Amino acid sequence: MKKLLLASTATAVMATAAYADSHANSVTLGVIVGFTGPIESLAPAMADGAEMAMAEVTESGNLLGGMSVTSVRADSTCIDSAAAQAAAERLITADGVDGIVGADCSGVTTSILSNVAVPNGMVMVSPSATSPALSSIEDSGLFFRTAPSDARQGQVMTDVIMDRGISEVAVTYTNNDYGQGLADSFAAAFEAAGGTVTLVSAHEDGRADYSAEVGSLASAGGDALVVAGYVDQGGSGIVQSALDSGAFDTFVFPDGMVSQALTDNFGTDIDGSFGQHPGTDSEGAEIYHGMAEAAGFDGTSPFSKESYDAAALIMLAMQAAGSTAPGDYAAHIMDVANAPGEPIQPGELGRALELLAAGEEIDYQGASAVELIGPGESAGNYREISIEGGEIVTARYR
């Protein structure tokens with residue numbers, strides 16, 4: 001038995017040495033978002049954004065003496081926690097990632113963080129998990145996010161609705177951590193502002209018929225229907241049923257509903273509806289839009305900018321720490337994200353790495369005007385949108 005144990009130990013040491021040697025000049029980052037599932041229309045631009053940052057750093061040759069950065073994609077599904085955990089475990093054990101961009105949806109992010117990332121000491125920077133519960137989760141200092149909490153979105157949505165003269169709404173939400181967290185946050189903020197919420201009702205994704213849910217919402221009444229759901233799933237089913245029955249003709253769309261798929265689905269039928277998603281009109285956002293267009297993807301897609309920033313923060317923190325080990329660089333993410341230091345915009349990652357290597361400080365602003373607040377989450381900016389002529393247009397930024 002002792003000989004077997006010695007042999008196993010030797011094998012493990014050799015494997016570890018081989019792994020370290022193969023990663024000596026490269027960094028591997030996992031990108032885990034819902035390539036299938038209820039926000040699959042958003043996932044490609046999110047992954048493209050993260051990988052554009054990696055390509056920029058690789059091309060600069062400035063990361064820790066010339067390390068290249070490669071991406072490994074994994075499917076979170078957005079809703080299946082078991083599948084998401086298995087995918088994250090593969091990223092860590094089989095692919096040997098040094099950090100994770102993701103996950104996307106709040107429920108699977110919580111599962112991966114608690115059951116995979118924390119036990120394995122792995123850093124996660126989510127571009128889109130917005131549940132308020134993630135602000136207080138036990139994360140051992142390993143979890144960060146570049147999208148603001150829905151505690152903030154609830155207040156912003158209240159302001160958006162009130163500014164349009166609407167004081168009575170019904171609310172439907174997808175029955176998960178994201179939906180309930182946003183619905184609760186919004187209802188509290190809206191009623192505190194003097195508005196009336198006639199009904200807050202959950203809906204399940206994947207159903208063929210939402211007439212019963214819409215019937216209850218219509219009976220409760222309201223001048224608009226807040227749809228805190230997913231555009232590629234039940235959220236669109238709710239909207240279609242409401243339009244078919246004439247129950248509502250004005251909808252409020254939070255971030256999970258805002259994408260090209262929304263207007264592809266409904267066109268001018270939802271003209272006059274409106275909503276919001278994380279976004280900014282900063283200098284960095286404009287630069288990023290041009291970079292994304294040149295790279296052949298839509299940089300205005302929700303959470304694409306936040307994905308670029310999530311990947312950038314991981315790599316910049318590695319440079320600041322002088323190490324690719326998550327336990328070393330996690331503590332530097334807040335430092336590179338905030339003042340003081342030289343402001344850094346998209347396209348300037350190579351310069352940022354040079355500054356850090358020289359012992360200088362940086363203030364990474366990036367594509368989404370990043371400012372991280374404790375515990376490691378974004379202060380947040382929002383793009384208010386309207387549906388006009390069957391298209392999503394910018395109303396203002398908040």
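Two residues are in contact here when heavy atoms of theirs lie within 4.5 Å. This is a predicted model, in which local features need pLDDT of at least 70, side-chain atom pairs count only at pLDDT 80 or more, and totals for chains, interfaces and linings use all residues. Residues are numbered from 1 along each chain as its sequence is written, and side-chain values use heavy atoms, with hydrogens and water left out.

**Figure 1. The whole chain, with its 14 helices and 16 strands.**
Helices (H or I, at least four residues) and strands (E, at least two) are DSSP runs, numbered from the N terminus. The C-alpha atoms fill a box of roughly 70 × 55 × 35 Å, taken along the principal axes. A compact globule of 398 residues would have a radius of gyration near 21 Å, and the 22 Å of this chain agrees with that. (The radius is taken over C-alpha atoms, and the globule rule is 2.2 Å times the number of residues to the power 0.38.) Of the 398 residues, 54% count as buried; buried means under 20% relative accessible area, exposed means over 50%, and partly exposed is in between (1.4 Å probe, protein chains only). Take the contacts between residues at least 6 apart in sequence: 71% of them join residues at least 24 apart. The chain exposes about 14,900 Å², with carbon and sulfur atoms supplying 49% of that area. Those areas come from the Shrake-Rupley method with a 1.4 Å probe, and for residues only the protein chains shown count as cover.

**Figure 2. Close-up of helix α10, residues 283-295.**
At 1.5 Å a residue, the 13 residues of α10 should span 18 Å, and the end C-alpha atoms are 19 Å apart, which agrees. (The expected span is 1.5 Å times one less than the number of residues in the helix.) Look for Gly284, Ala285, Tyr288, His289 and Ala292, the buried residues of α10. Seen down the axis of α10, they fall within an arc of 140°, so they line one face of the helix; the arc is that of the directions from the helix axis to the C-beta atoms. What covers these buried residues includes α2 (43-60) and α11 (304-321). Turned away from the buried side is a face with the exposed residues Glu283, Glu286, Glu293 and Ala294. Just after α10 comes Gly296, with a positive phi near 90°.

**Figure 3. Ser301, in the loop between α10 and α11.**
Ser301 is buried, at a relative accessible area of 10%. Setting aside neighbours within four places in sequence, Ser301 is in contact with Leu42 and Ala45.

**Figure 4. The disulfide of Cys78 and Cys105.**
A disulfide is a covalent bond between the sulfur atoms of two cysteines. A search of the whole structure, taking cysteine sulfur atoms within 2.5 Å as a disulfide, turns up one. The sulfur atoms of Cys78 and Cys105 are 2.0 Å apart, and at -95° about the S-S bond their link is left-handed. The pair ties together distant parts of the chain, 27 residues apart: Cys78 is in the loop between β2 (68-75) and α3 (81-93), and Cys105 is in the loop between β3 (99-102) and α4 (106-120). Both cysteines, Cys78 and Cys105, are buried.

**Figure 5. Two cis peptide bonds, Gly102 to Ala103 and Gly374 to Pro375.**
In the bond joining Gly102 and Ala103, omega is about 0°. Ala103 sits in the loop between β3 and α4. For the bond from Gly374 to Pro375, omega is near -5°, and Pro375 is in the loop between β13 (372-373) and β14 (377-378).

**Figure 6. Positive phi at Leu64 and at Ala369.**
Leu64 isn't a glycine, yet its phi is positive, near 50°. You'll find Leu64 in the loop between α2 and β2, partly exposed at a relative accessible area of 26%. Ala369, another residue other than glycine, has a positive phi near 55°. Ala369 lies in the loop between β12 (362-364) and β13 and is partly exposed, with a relative accessible area of 29%.

**Figure 7. Helix α5, residues 150-163, and what it packs against.**
This helix of 14 residues reaches 19 Å from its first C-alpha to its last, close to the 20 Å expected. The buried residues of α5 are Asp150, Gln153, Gly154, Val156, Met157, Thr158, Val160 and Ile161. They pack against the helix α6 (177-192) and the strands β6 (168-174), β8 (224-228), β9 (251-253), β10 (274-278) and β15 (382-388).
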